[in-house]
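Hi,

Here is the structure I promised to pass along. Have a look at it first, and my notes on what turned up are underneath.

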Amino acid sequence: MSDEMELRVKIIKECEDGSAIITVDMDATTKDFLIGEGILAVLKRGLATSESAVTDEMLKEDEPIGQD
């Protein structure tokens, strides 16, 4: 199995506003990597902006978070 990922982008149509209609083809490894990185980015942003984010003190507790 190769460690290389494949990602191919083909421009179908360039629009007047500068955007484009494209197709994206990728292998399963690339898809899994991009989905994983996207999920991590969303979680990190959520934790950075959340007022109720998990604190270091919460992680030291024996009980699971959210269990009363």
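The chain has 2 helices and 2 strands, and from the N terminus on they come in the order β-β-α-α. Bear in mind that this is a predicted model.

On burial, just 1% of the chain's 68 residues count as buried. The chain exposes about 6,600 Å², with carbon and sulfur atoms supplying 54% of that area. As for contacts, take those with a separation of 6 or more: residues 24 or more positions apart account for 10% of them.

One residue to click on is T30, which sits in helix α1, residues 28-49. T30 has a relative accessible area of 4%, and the cut-off for buried is under 20%, so T30 counts as buried. What does T30 touch, leaving aside its neighbours within four places in sequence? The answer is M5, E6 and L7.

E6 is worth a second look, as it also turns up in a salt bridge. Searching the whole structure gives 1 salt bridge. E6 pairs with R8 in a salt bridge, and their closest N and O atoms are 3.0 Å apart. In general, side chains of opposite charge can pair when their charged atoms come close.

Are E6 and R8 buried, exposed or something in between? E6 has 45% relative accessibility and R8 has 43%. Partly exposed covers the range between under 20% and over 50%, so E6 counts as partly exposed, and so does R8.

That's what I have for now. Shout if you want to go through it together.

Cheers

Notes. Residues numbered from 1 in each chain as written. Predicted model: local features only at pLDDT ≥ 70, side-chain atom pairs only at ≥ 80, totals over all residues. Heavy atoms only, no water. Helix = DSSP H or I, 4+ residues; strand = E, 2+ residues; numbered from the N terminus. Buried < 20%, exposed > 50% of the residue type's maximum accessible area, 1.4 Å probe, protein only. Contact = heavy atoms within 4.5 Å. Salt bridge = Lys/Arg side-chain N within 4 Å of Asp/Glu carboxyl O. Areas by Shrake-Rupley, 256 points an atom, 1.4 Å probe, with all protein chains shown as cover.
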